[in-house]
Amino acid sequence: MVAMPGIIYIATNPAMPGLAKIGYTRQEDVGTRIAQLFHGSTGVPIPFDCAYAATVKDSVTTEKEIHDLFADRRLIRNREFFWIEVREAIEALKPFEVKDVTPEAREYCDKLLGEAQKAARRAARKRYEREHPDQESAKYLHKTIKRPSKT
């Protein structure tokens, strides 16, 4: 079997506390893959964040080994979500790491989250203005929509 280099990533979502997605991509930019998790699913209310990402020599084999290691904590057999502390998943991935690419992925994820929050604020503001036409403005509504804290 030929080794398939790629990136293993650990993604979290504030809407799914306690769960981490452990997956791989052969794309050069892991941020693109993590964005696809949000854009490709209507069931995810906010974007994922990259907790950790690393290039590895064989992404397919490495992903399988890590999934097997945490098999007893897998949410659903055919999904890559695990009830796991992020630091524990990172520790399991570290021995396979060729290069840590987390900073680049986080930068992309932060941008995506910022865009999603702006869209949510605009939608909330429009709804408020529709429901309260007698109000001069909903310009202060954005203060009630806060960015999730990072863990």
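**Exercises on a nonpolar patch and an aromatic pair**

L75, I76 and W83 make up a nonpolar surface patch with about 290 Å² of accessible area together. The model is predicted: local features need pLDDT of at least 70, side-chain atom pairs count only at pLDDT 80 or more, and totals for chains, interfaces and linings use all residues. Residues are numbered from 1 along each chain as its sequence is written, and side-chain values use heavy atoms, with hydrogens and water left out.

**Exercise 1.** Place W83 in the chain and classify its exposure.

Step 1. Patch members have over 30% relative accessible area and no salt bridge (a side-chain nitrogen of Lys or Arg within 4 Å of a carboxyl oxygen of Asp or Glu). Nonpolar side chains (Val, Leu, Ile, Met, Phe, Trp, Tyr) are joined within 5 Å, like charges within 9 Å. Areas come from the Shrake-Rupley method with a 1.4 Å probe, and only the protein chains shown count as cover for residues.

Step 2. W83 lies in strand β4 (residues 81-83). Strands (E, at least two residues) and helices (H or I, at least four) are DSSP runs, numbered from the N terminus.

Step 3. Buried means under 20% relative accessible area, exposed over 50%, partly exposed in between (1.4 Å probe, protein chains only). W83 is partly exposed because its relative accessibility is 45%.

**Exercise 2.** Find the aromatic pair and describe its surroundings.

Step 1. Rings of Phe, Tyr and Trp (its six-membered ring) pair if their centres lie within 6.5 Å; planes under 30 degrees apart are stacked, over 60 edge-to-face, the rest tilted. The whole structure holds one aromatic pair. F48 and F81 form this tilted pair, 6.2 Å centre to centre with 35° between the planes.

Step 2. F48 is in the loop between α1 (30-39) and β3 (49-56), and F81 is in strand β4, 33 residues apart.

Step 3. F48 is buried because its relative accessible area is 4%; F81 is buried at 16%.
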